[in-house]
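Me: Please take a close look at one part of this model for me: the packing of the aromatic rings. I work at the bench, so a connected walk through the neighbourhood would help more than a bare list.

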Amino acid sequence: MSQQGYVATPPYSQAQAGMGGCSTGFGNPPPHSHYGVYGSPPQAYSALPTGMLKSPASSPSGMPFPPVSSHYGANIHQNGAHAHGFPPTHVASAPSMSPYGQPPQSAYNSMAQAPPPTQQLTNQMSSMNIAGYGQRHMQASQHPSSSAPLPFLTSPPPAMGHPPLSPPGQQPPSLGSPPPLASVGSMQAPPMRMSGPSGPGTPLGGGGLQQPLGSQGYPQQPGSPIAGPYGGQMAGPQMMGQPTGAFPGGFHGGPAQMAGPPQKKLDPDCIPGTTQVIEDDQAKRGGQVYVTNIRGQVPPLVTTDFTVQDQGNASPRFMRCTTYSFPCTADLAKQCKVPLAAIIKPFATVPKNETPLYVVNHGEAGPIRCNRCKAYMCPYMQFIDGGRRYQCGFCSCVNEVPVQYFQHLDHMGRRMDLYERPELSLGSYEFIATLDYCKNNKPPNPPAYVFMIDVSYNNIKSGLVKLICEELKILHDRLPKEEGAESSAIKVGFVTYNKILHFYNVKSALAQPQMMMVSDVAEMFLPLLDGFLVNFQESRAVINNLLDQIPDMFADTNESETVFAPVIQAGVEALKAAECSGKLFLFHSSMPTAEAPGKLKNRDDRKLVGTEKEKTLFQPQSGVYEQLAKDCVAQGCCVDLFLFPNQYVDIATMGDVPSHTGGSIYKYSNFQVDVDGQHFLNDLRRDVEKFIGFDAIMRVRTGTGFRATDFFGAVYMNNTTDVEMAAVDCDEAVTVEFKHDDTLSEEAGAVMQCALLYTTISGQRRLRIHNLSLNCCSQLSELYKSCETDSLINFFAKSACQAMLNQPLKTVREILVNQTAHMLACYRKNCASPSAVSQLILPDAMKVFPVYMNSLLKAPALVGSAELSTDDRAFQRLMVMAMGVEETQILLYPRLIPLHTMDVDSDSIPAPVRSSEERLSETGVFLLENGLFMFLWLGQACPPDLIQNLFNVPSLGHLTTEGQMSLPVLDNAHSRKLHSIISSISQQRAKSMKLLIVKQKDRAEILFRQHLVEDKGLHGGASYMDFLCYVHREIRQLLT
Ligand SMILES: [Zn+2]
């Protein structure tokens, strides 16, 4: 409603008499502008006329934006980069590397250890080509003896996610491209190709080598390990059903791989590349308006720049799925093993050129819901009986339309007010919740932020306390407020602590703040009620006075021991007493060793790495924190933890409460104010300002035939269906897995509705609704065509990070590899056109899935290397659990941007190259970022004038202090351009990234190199090429 800052605009124009509150904020403009289609009765998600599809999303003038959109600072920032975290040792001394899992009889092992097969495969690889990558001339000639070519087949992307309906095999061979057989013959290796579920089609990049294999296949190569062409007929699922256990121990093991003759130089261009896929999608769909009016439509990649127009399905910014076509039966799902999941970011930031969510008020009766399944009114409800009743799109129950909600239907059976009501025609909107949705049937109070500062010796000494206090003085003006509100309704409070806690009375009437100490930390209580949580505006003078005094008050402290759990307990008690929800900001530096509940002891035993007990390193140490998390969630108390450790602090335990309350964890190892101060402040500012909802509970409802079974995120589950979050902000994503409980129908599709009940920053109870409709298929080819690799990898990353708490990491990695092979083998078996088994055929929509999967296997959390700090691994695990699709994408495939060739006059960021050492050059300068870290890498022989322009020193040799170099702002084109690139990257990321400058061959370079994810992992893990060969082998085994 307008007073909330959501002034609805077109097309919700005409206020309808007796329509509850829907009428008020809905502007004026023409009723039927661009919401159409939806709600057309028989689930006919018909496409709009093309003209309409292209119409730019209107951003009605005068439309206020949600509070968050203006908050992205153009800061250059960073997060958690810390030199000590990854021991800068043994770079060169790690020639081994194929360390997944264990047993020597592993197929991977044998591949890795025995030079011949490796050699053979790599030869094959090197002789492959991919038409779309523009390498017509392959290197096969160098390997005349190579046998068993292993071409890649991936299919041309189905047009915009709208798969042709003809079943596999029925499509005519692709359009007139000349058979490449001659060239194949002469080159001894077939071109790599992208084959589709229904056979190869158009060449990926317009190359002329494409030609359908059809049943002719490639000529069998002599010595091909698998005889007999792969036929078209499918065996049943049982063939695919190799038990997980059959996977041979993953690839661990042996240092052996490099023992054989030196590997031939491979041409990396012949295996599918992420940068190319990203570029292609940007070229094809970038800058376009993505209209959500089509069921099962696959959205552009998260990396693509597009505008969303909601026409009945939630924007992919809010919900993304692993596939947009669910299999009709559980059997099919089991057969392909493609996870069915949605990644939901309920408060995702909506760009300024897109319409913010409308708020609907159904009056005192509350939002209209299905009587049986309680789904909220949405475009999937079908009105019948002249508009007097409606059939629920989720459970099919027929409900009476409440009298005040009645509306006549038009000749198409659609309600006449279809376009005036967001809940009938849009994928996402909000309802005002009634008292029934509030605790104790009372409207909630506005939330509170409590700042809790560890004032022990380390934090005083480092200057951190002073830095925080200075910042808080100005930060309060940035507290989030409702659109149009003068000031924030959020109250603030202050606590300092070491072994004991100090509370402050900052009531506006006081001349001086008052301190109250609580030393009995075992039974935490709140020593004052009145004056602890205050309005910042009113108490500004007293608060500033307090913040000025705090650093001096503890300037001479010798206290180095701290408590931790009692601090959180105190925060919860404060919110309880004030009867409000809120957030605690904890600034903490050491492991809590003082005698108190939740006291921790150092248990960092790296000897456990690689054993069955490794998982215990990531499980919280004490039950105290579990109970605390529960208390927090019950009170709607979110905990954000800013950690400044100088050594092991047991993040697995300390992060337990934040990670169950929708909170964030930030880590600044070996914090130094002058080096890391800005980095931390950027994070703190953004965290304080960001769009957030409190005391949230989320429920995902589905149509009949399937249901949500598992949830991965920084959430708390009290039962199997309700996802509780003390708070949820614009960065937090919950990944939901679905399972069949019955058969789905192609006609009805699969619908889902995510309903999130929460308290706004001004204390209003609201329901945020996101609806999404997917297709259903009885042909697996449809499913594979509609897969979304970035979402798949998000699912795998989060489910693996969850699983590693309960299973040995080795098992977790095995499952990942096994499932990868399985998914691809099933595609090969059921969807690809018949061809030689020796060919690796990947579904087009998943052609870069293996590179992401391999990167995930090498991620610090999962890699199982004793060289990595346990805290760093635990930290990454917790981060990943809350990540959305954008964040896991960039984390697992960092951007490597060449700067030495950048066009200083261009506005854009230079096109990234593949994350591999091969792409570096001595004369180059590269920027690498993964959402958590940012590196500027300087080649040994990079041009002195570039160094001069960027650093204002004559040569590389003048840049000396390793790891501490900073990037000056200089008045020349190169410097300006670099700063503008860094700033624009930073704005795209959820957390601030600290910039680390590394010189080629410096010790610190190892920190940078571990992010080159196509290469062999520094702490274990295969190169992309090796992984692909391994997966291919597995697939072949599954197929025979
Ligand atoms: Zn229902």
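**Rings and their surroundings**

Reply: Happy to. F738 makes a good starting point: with a relative accessibility of 2%, F738 counts as buried, because anything under 20% does. Please keep in mind throughout that this is a predicted model.

There are 35 aromatic pairs in the structure. In one of them, F738 partners F326: the ring centres lie 6.0 Å apart and the planes meet at 50°, so this pair is tilted. In sequence the partners are 412 residues apart, with F326 in strand β7 (residues 325-327) and F738 in strand β26 (residues 734-740), so the pair links distant parts of the chain. F326 is buried as well, since its relative accessibility is 0%.

A further pair is formed by Y376 and F431. Their centres are 6.1 Å apart and their planes are at 35°, which again makes the pair tilted. Y376 sits in the loop between β9 and β10, while F431 belongs to strand β13 (residues 428-432), so this contact ties together parts of the chain 55 residues apart. Y376 has a relative accessible area of 4% and is therefore buried; F431, at 0%, is buried too.

The loop that holds Y376 brings us to the metal site. C373 also lies in the loop between β9 (359-360) and β10 (382-384), and its SG is one of the donors to the zinc ion, together with the SG atoms of C370, C392 and C395, at 2.3 Å. The angles between the four donor atoms run from 101 to 115°, which is why the arrangement counts as tetrahedral. For comparison, the ideal angle for four tetrahedral donors is 109.5 degrees. Along the sequence, the donor residues follow the spacing C-x2-C-x18-C-x2-C. C395 is placed in the loop between β11 (389-391) and β12 (398-400), 22 residues from C373. The two cysteines differ in burial: C373 is partly exposed at 21% relative accessible area, whereas C395 is buried at 11%.

Back to the rings, some of which have a charge for company. The charged end of R415 sits over the ring of Y405, 4.3 Å from the ring centre. K667 places its charged end over the ring of F875, at 5.4 Å from the centre. Next to K667 in sequence are Y666 and Y668, which form one aromatic cluster with F587, F642, F644, F671 and F680.

Rings also feature in the nonpolar cores. The largest core has 134 residues, and those touching the most other members are L501, F503, I568, L586 and Y784. Helix α19 (residues 809-830) gives the most to this core, with 10 residues. Leaving aside residues up to four places away in sequence, Y784 touches C336, V338, M823, C826, Y827, C831, P843, A845 and M846. There is also a second, separate core of 43 residues, including F451, I460, L546 and I692. In soluble globular proteins, nonpolar side chains tend to be buried together.

Finally, here is the wider setting. The protein chain has 27 helices and 33 strands, and 63% of its 1040 residues count as buried. Among contacts with a separation of 6 or more, 76% involve residues 24 or more positions apart.

Definitions and conventions:
Residues numbered from 1 in each chain as written. Predicted model: local features only at pLDDT ≥ 70, side-chain atom pairs only at ≥ 80, totals over all residues. Heavy atoms only, no water. Donors = N, O, S within 2.8 Å, 3.2 Å for Na, K, Ca; no water. Tetrahedral: all angles 85-135°; square planar, octahedral: opposite > 155°, others 65-115°. Helix = DSSP H or I, 4+ residues; strand = E, 2+ residues; numbered from the N terminus. Buried < 20%, exposed > 50% of the residue type's maximum accessible area, 1.4 Å probe, protein only. Phe/Tyr/Trp six-rings, centres within 6.5 Å; stacked < 30°, edge-to-face > 60°. Lys NZ or Arg CZ within 6 Å of the ring centre and 35° of its normal. Core = buried A, V, L, I, M, F, W, Y, C linked by side-chain atoms within 4.5 Å. Contact = heavy atoms within 4.5 Å.
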